[in-house]
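Here is a short tour to read alongside the sequence and the 3D view. Keep both open as you go.

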Amino acid sequence: MDIVIGLIRNVLEEGFIYGIMAVGVYITYRVLNLPDLSVDGTFPLGACVTAALIRAGVNPWCALLIAFVCGAAAGCVTGLLHVKLRITDLLSGILVMISMWSVNLAITGGSAVVQFYGRETIFTNGLAALLRGGARTWRVLIFSALVCIVVKLVLDLYLKTKSGLLLRSAGGNPQYVISLGHDPGTMKIIGLAIGNGCTALAGSVLAQQAESANIQSGTGMVVMALAAVIIGTNMFRKVRFIKATTAVIFGSILYKACLVIAMQLGLPTNYLKLLMAVIFTIALVTNDMLGSRRKKQNV
Amino acid sequence: MKKIVSIITAVLLILGLAACSSTPAATPAATPQATPEEAPAEKTFKIGVIQYAPHPSLDNCYTGIRLGLEEAGFVDGVNIKIDFQNAQGETTNADLIAKNMATKQYDLIMAIATPAAMSAYSAAKDLDIPVVFTAVSDPVAAGIVKSLENPGTNCTGSSDVLPLEEQVRMIRAFLPEATKIGILYTTSEPNSVTQLKEIKEIAPKYGFEIVEIGVTGSSEVASGAQSLVAKGVDCINNFTDNNVVNNLSLLLNAANSGGIPVFGSEEEQVKNGCLASQSIDYVALGRETGLMAAKILKGEAKASEMPVYLVKDFAPVYNKDVLESFNLTLPAEYAQATAVESAK
């Protein structure tokens with residue numbers, strides 16, 4: 001029984017950490033309708049920035065914020081390339097993704113793996129240090145869930161502000177934004193900044209949990225984030241009281257749960273990628289088969 | 001209203017989980033102390049093995065680990081249960097696998113290659129589960145042991161430091177007139193960067209100059225190899241670079257079309273068409289690691305006090321077919337070198 005609880009805890013930990021990224025990607029992919037590939041580069045960016053900062057003795061919570069800002073800056077670059085230089089969305093994402101490789105290596109000083117074992121992280125300092133006994137086992141879950149939920153709530157609030165409303169219309173109805181005297185391009189840049197900021201934040205939390213940053217950790221992040229967004233929004237779209245941002249976090253948890261269950265059932269890891277594709281397909285297809293498609297997202 | 005409901009759901013979810021926390025909390029502290037005292041014959045030990053990527057040398061490590069464990073009396077399915085997982089070259093997978101193994105309270109986690117070792121270390125360090133690694137070139141730099149003699153962490157294993165000096169001496173013997181050794185390496189692989197630095201210090205002693213080209217991914221191996229050949233090197237030497245070794249055929253194609261031999265870093269590469277190598281026997285390395293793991297399982301030693309095993313035995317290996325195709329003769333001092341044939 002302990003093992004089952006432990007496995008559920010692992011799923012939730014991973015689900016919440018990647019959920020932070022999924023919430024960000026939800027903004028770019030669903031709200032703005034932009035497939036943003038730069039997350040493959042901004043995820044390790046967050047991790048590398050965090051590793052460098054923590055090694056330099058910076059407070060881990062500050063490291064989280066700085067990682068978000070760095071990710072947001074990279075997102076702005078994607079946005080500027082797309083909006084100002086009129087490069088297609090896919091290509092501008094790819095450009096930032098590949099350039100991040102070099103940026104990350106520059107941050108880590110050329111090494112592919114940076115470890116900071118034993119240093120203070122958000123899971124060991126401040127409030128987390130107060131946790132004693134059994135609660136210690138749960139600290140990773142508690143704090144990753146905390147960060148994830150805070151990010152979600154802040155985004156929910158933002159989407160209700162005037163700027164947030166403009167952001168939502170920039171994806172679905174750019175003409176409306178123009179008619180209000182605003183530039184949909186600027187809204188896209190803001191959206192990409194938020195999306196990549198969240199992704200870098202997820203990278204930062206993951207690095208603090210593993211106490212090391214790996215420059216290659218970004219591989220497959222786009223797919224993982226899209227899977228979480230699609231599974232979440234499609235499966236919970238009928239459930240009215242669940243907001244899309246919440247649904248996306250559930251999607252991330254469900255996705256990780258599928259992987260862990262498959263591994264527990266003895267599926268060789270060689271087939272994980274295939275399983276990923278199958279889950280993805282099921283999520284996409286169920287959406288169409290459920291019939292009554294609501295035009296508007298339940299934002 | 002919706003917002004409030006969603007917050008409540010989230011809070012309930014967390015509270016629900018926290019409520020369960022009292023149960024598993026007691027267990028991780030209680031179990032590990034009990035294990036070493038029990039006789040190995042009566043208990044089935046659960047061992048998790050994480051291999052970082054599908055790779056011939058790493059596969060050999062795993063074969064060796066099983067041999068070593070069997071030699072010490074631990075047979076899979078009889079008195080131990082091995083859960084073998086391959087992370088497919090992704091750190092996200094390695095982390096998840098390691099976490100699950102730690103959660104399942106395995107008696108021992110074994111890790112093949114540096115990223116797997118780091119994941120295992122990170123997952124097991126609070127839980128008192130010993131980690132035994134292999135094929136980690138620099139465990140101190142990776143942060144998983146404090147020193148090679150006395151790890152100080154609950155983590156020990158074996159290290160595969162390349163015999164670069166022997167390798168350069170061998171290249172000199174095979175190619176008495178060569179002056180330039182070409183190196184193709186991946187800039188993001190820490191082992192390769194360290195090895196490059198070392199070989200640059202050794203090469204002048206044998207009258208060689210090192211010409212290196214760094215690549216960042218598999219797509220650049222072919223063009224990197226071609227530009228290396230174009231720079232007029234007399235031969236190419238390989239490290240344990242995962243990316244280059246996985247794309248060895250691209251490197252060999254470029255080298256062959258330029259008419260220059262490639263020296264490998266272990267036997268598998270020689271079988272696949274490299275001329276020769278001072279090779280580490282990864283099966284033997286794995287076996288040694290398996291024996292170390294067995295000692296920990298039997299309670300004879302603690303991981304934190306067991307020195308890291310450094311590979312000592314290198315054997316020269318050469319490929320007869322390749323030797324003939326370059327019209328070279330086997331140097332007298334390598335007459336006893338093991339001859340292998342191209343794997344076809």
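The sections below cover one chain as a whole, the contact between two chains, one helix and two loop residues.

## Chain A as a whole

Please keep in mind that this is a predicted model. Chain A holds twelve helices and two strands. Read from the N terminus, its elements follow the order α-α-α-α-β-α-α-α-α-α-β-α-α-α. Chain A has a radius of gyration of 19 Å, close to the 19 Å that the globule rule gives for 299 residues, so it is as compact as a globular protein of that length. Along the principal axes, the C-alpha atoms of chain A fill a box of roughly 55 × 45 × 35 Å.

Of the 299 residues in chain A, 55% are buried. Contacts in chain A also reach across the sequence: among those between residues at least 6 apart, 80% join residues at least 24 apart.

## How confident the prediction is

For chain A, the mean pLDDT is 89, and 95% of the residues reach 70 or more. Where in chain A is confidence lowest, and where is it highest? The lowest confidence is in helix 5 of chain A (residues 127-130), with a mean of 76, while the highest is in helix 3 of chain A (residues 60-83), at 96.

One stretch is worth marking in your viewer. Over residues 292-299 of chain A, pLDDT stays under 50, and the model has ten contacts beyond four places in sequence for this stretch.

## Where chain B touches chain A

Between the two chains, 38 residues of chain B are in contact with 43 residues of chain A. On the chain B side, the elements that give two or more residues are helix 1 (2-20), helix 2 (22-34), strand 2 (80-86), helix 4 (91-103) and helix 5 (114-124) of chain B. Which of these gives the most? Helix 1 of chain B does, with nine residues.

By residue type, the side of chain B that touches chain A divides into 14 nonpolar, 17 polar and seven charged residues.

## A two-sided helix in chain B

Helix 7 of chain B (residues 190-202) is a good one to look at end on. From its first C-alpha to its last, this helix of 13 residues reaches 19 Å, close to the 18 Å expected at 1.5 Å a residue. Its buried residues are B:Asn191, B:Ser192, B:Gln195 and B:Ile199. Seen down the axis of helix 7 of chain B, these buried residues fall within an arc of 90 degrees, so they line one face of the helix.

What do the buried residues of helix 7 of chain B pack against? Their partners are helix 6 (164-174), strand 6 (180-186) and strand 7 (209-215) of chain B. On the other side of helix 7 of chain B, B:Lys197 and B:Glu201 are exposed.

## Two loop residues with positive phi

Most residues other than glycine have a negative phi. B:Gln88 has a positive phi, near 55 degrees, and sits in the loop between strand 2 and helix 4 of chain B. B:Ala135 also has a positive phi, near 60 degrees, and its place is in the loop between strand 4 (131-134) and strand 5 (155-159) of chain B.

How buried or exposed is each of them? B:Gln88 has 19 other C-beta atoms within 10 Å, so it counts as partly exposed, since a buried residue needs 20 or more. B:Ala135 has 30 C-beta neighbours inside 10 Å and therefore counts as buried.

Definitions and conventions. Residues are numbered from 1 along each chain as its sequence is written. Chains are lettered from A and ligands numbered from 1 in the order in which they are written. This is a predicted model: local features need pLDDT of at least 70, side-chain atom pairs count only at pLDDT 80 or more; totals for chains, interfaces and linings use all residues. Two residues are in contact if their C-beta atoms, placed from the backbone, lie within 7 Å. Helices (H or I, at least four residues) and strands (E, at least two) are DSSP runs, numbered from the N terminus. Ala, Val, Leu, Ile, Met, Phe, Trp, Tyr, Cys and Pro count as nonpolar, Asp, Glu, Lys and Arg as charged, and the others, Gly among them, as polar. The radius of gyration is taken over C-alpha atoms; the globule rule is 2.2 Å times the number of residues to the power 0.38. A residue is buried if 20 or more other C-beta atoms lie within 10 Å of its own, exposed if 12 or fewer, and partly exposed in between; C-beta atoms are placed from the backbone. pLDDT is the predictor's confidence in each residue, from 0 to 100. The expected span of a helix is 1.5 Å times one less than its number of residues. The arc is that of the directions from the helix axis to the C-beta atoms.
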